[in-house]
Amino acid sequence: MKFHVFVFVGVVHFLPLNSGKAVYGNGISQRTFQEIKEEIARYGDVAKAIINLAVYGKARNRSYERLALLVDTVGPRLSGSKSLEKAIQIMHQNLQEDGLENVHLEPVKIPHWERGEESAVMLEPRIHKMAVLGLGSSIGTPPEGITAEVLVVTSFDELQRRAPEARGKIVVYNQPYTNYSRAVQYRVQGAVEAAKVGALASLIRSVASFSIYSPHTGIQEYQDGVPKIPTACITVEDAEMMSRMASRGSRIVIQLKMGAKNYPDADSFNTVAEIIGSKYPEQVVLVSGHLDSWDVGQGAMDDGGGAFISWEALSLIKDLGLRPKRTLRLVLWTAEEQGGIGALQYYQLHKANISNYSLVMESDLGTFLPSGLQFTGSDKARAIVEEVMCLLEPINVTQVFRAGEGTDINFWIQAGVPAQSIRTLIGLSVPASLDNEEPVYLMTCINISPSITPMETP
Ligand SMILES: [Zn+2]
């Protein structure tokens with residue numbers, strides 16, 4: 001599966017550069033769509049060369065092995081940790097040794113939170129040691145913990161209706177998993193809403209479509225003027241069980257202990273490398289993934305895989321001796337998990353040149369077997385992307401879906417820059433923007449409307 005992913009990224013990013021016109025910005029073209037389509041088709045041999053190198057050639061398995069070495073060596077890469085900074089230094093060296101151009105680090109101040117020891121034990125109606133993970137940025141409990149009765153709710157609305165019952169309790173959110181974007185609100189805002197009605201702490205059902213008794217952490221946010229209370233996630237199984245117990249009228253008591261601490265912001269970096277464009281070096285096609293991860297895994301999938309296939313895209317092109325007309329820029333973001341901190345700073349630093357950004361891409365939805373691209377941009381830009389994707393027919397990954405996305409590229413998307421992200425057949429969660437997506441479709445190589453002429457900037 002991974003081979004397909006690598007090829008996919010390489011081709012997708014190379015070919016728009018060689019279409020000779022910016023998808024966006026200052027490259028207003030008078031060429032007809034038919035002319036552009038014909039030019040893209042001429043890159044069939046180049047696409048095959050990239051595919052062959054990645055799938056059958058010396059680059060086969062390379063990205064997987066590079067990633068495995070990093071995650072085995074460094075392990076998890078939490079924002080503010082020494083291991084994240086070690087990973088950044090290793091990647092800086094890797095990119096230089098790979099022969100990429102303009103390899104450099106851009107400084108960023110990032111949050112530094114540490115989990116510490118944590119536990120949650122149900123004391124009533126029976127003793128039960130629960131799996132628990134504190135949420136990022138949560139404060140800790142006093143050393144003796146917080147022992148309190150539980151109020152189980154399934155929604156913020158129910159919490160409001162039962163507000164008088166919440167005072168002095170631990171609020172447990174057993175929100176149903178309808179989709180990620182709705183369920184994740186309980187992780188992000190659960191503590192604030194519980195604190196507003198006088199709760200001592202809050203626990204959320206992990207934001208996941210299925211569970212094998214595994215809590216799933218992520219960032220949460222406090223609000224100015226609202227007391228900060230400790231907050232953590234528990235498993236789907238335990239949230240469901242407490243919901244059943246409560247519906248029977250059982251009194252539930254939990255002791256929650258969390259050693260979490262927030263420290264002053266730490267020094268970190270976005271890691272950048274390029275293949276400088278031959279004809280329009282000032283114009284940028286950006287490929288990216290984030291190097292940071294949570295602390296309770298290896299960060300191999302979220303988002304080591306995305307970071308490394310983005311690197312691989314440049315490696316493949318360099319190995320073949322190709323040079324795109326526009327600059328192909330790799331950015332490995334820092335502190336994505338804390339809310340796109342590195343990416344926000346990058347945007348603020350570089351947005352003055354936004355007209356030079358032809359396309360931004362992030363891979364942060366898993367690196368499984370790809371089914372296509374998610375794309376955000378004008379219909380005319382989409383038509384070009386669909387033509388480019390036709391070149392991936394040899395690996396049967398040609399679909400173009402709606403809604404290119406990524407926390408780190410959202411700043412650019414909001415500002416109108418076309419964006420792409422990989423869509424895979426197997427994902428850890430359904431991306432938020434796919435929830436109400438129109439039916440999956442592909443404008444195939446044979447049914448593009450010839451009436452889309454001439455090209456215009458979106
Ligand atoms: Zn991620």
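A charge sits over a ring if NZ of Lys or CZ of Arg is within 6 Å of the ring centre and within 35 degrees of the ring normal. Two arginines meet this rule here, as the table lists.

| Charged residue | Ring | Distance from the ring centre |
|---|---|---|
| Arg66 | Trp311 | 3.7 Å |
| Arg423 | Phe401 | 4.1 Å |

A word on the basis: this is a predicted model, where local features need pLDDT of at least 70, side-chain atom pairs count only at pLDDT 80 or more, and totals for chains, interfaces and linings use all residues. Residues are numbered from 1 along each chain as its sequence is written, and side-chain values use heavy atoms, with hydrogens and water left out.

Now to rings meeting rings. Rings of Phe, Tyr and Trp (its six-membered ring) pair if their centres lie within 6.5 Å; planes under 30 degrees apart count as stacked, over 60 as edge-to-face and the rest as tilted. The count comes to ten aromatic pairs. Phe156 and Tyr173 are edge-to-face, because their centres are 5.5 Å apart and their planes stand at 80 degrees. Phe156 belongs to helix H6 (residues 156-161) and Tyr173 to strand S6 (residues 170-173), so this pair ties together parts 17 residues apart in sequence. Helices (H or I, at least four residues) and strands (E, at least two) are DSSP runs, numbered from the N terminus. Phe156 is buried at 17% relative accessibility, and Tyr173 is buried at 0%; buried means under 20% relative accessible area, exposed over 50%, partly exposed in between (1.4 Å probe, protein chains only).

Tyr347 and Phe411 form a stacked pair, 6.0 Å centre to centre with 25 degrees between the planes. Tyr347 is buried at 15%, while Phe411 is partly exposed at 21%.
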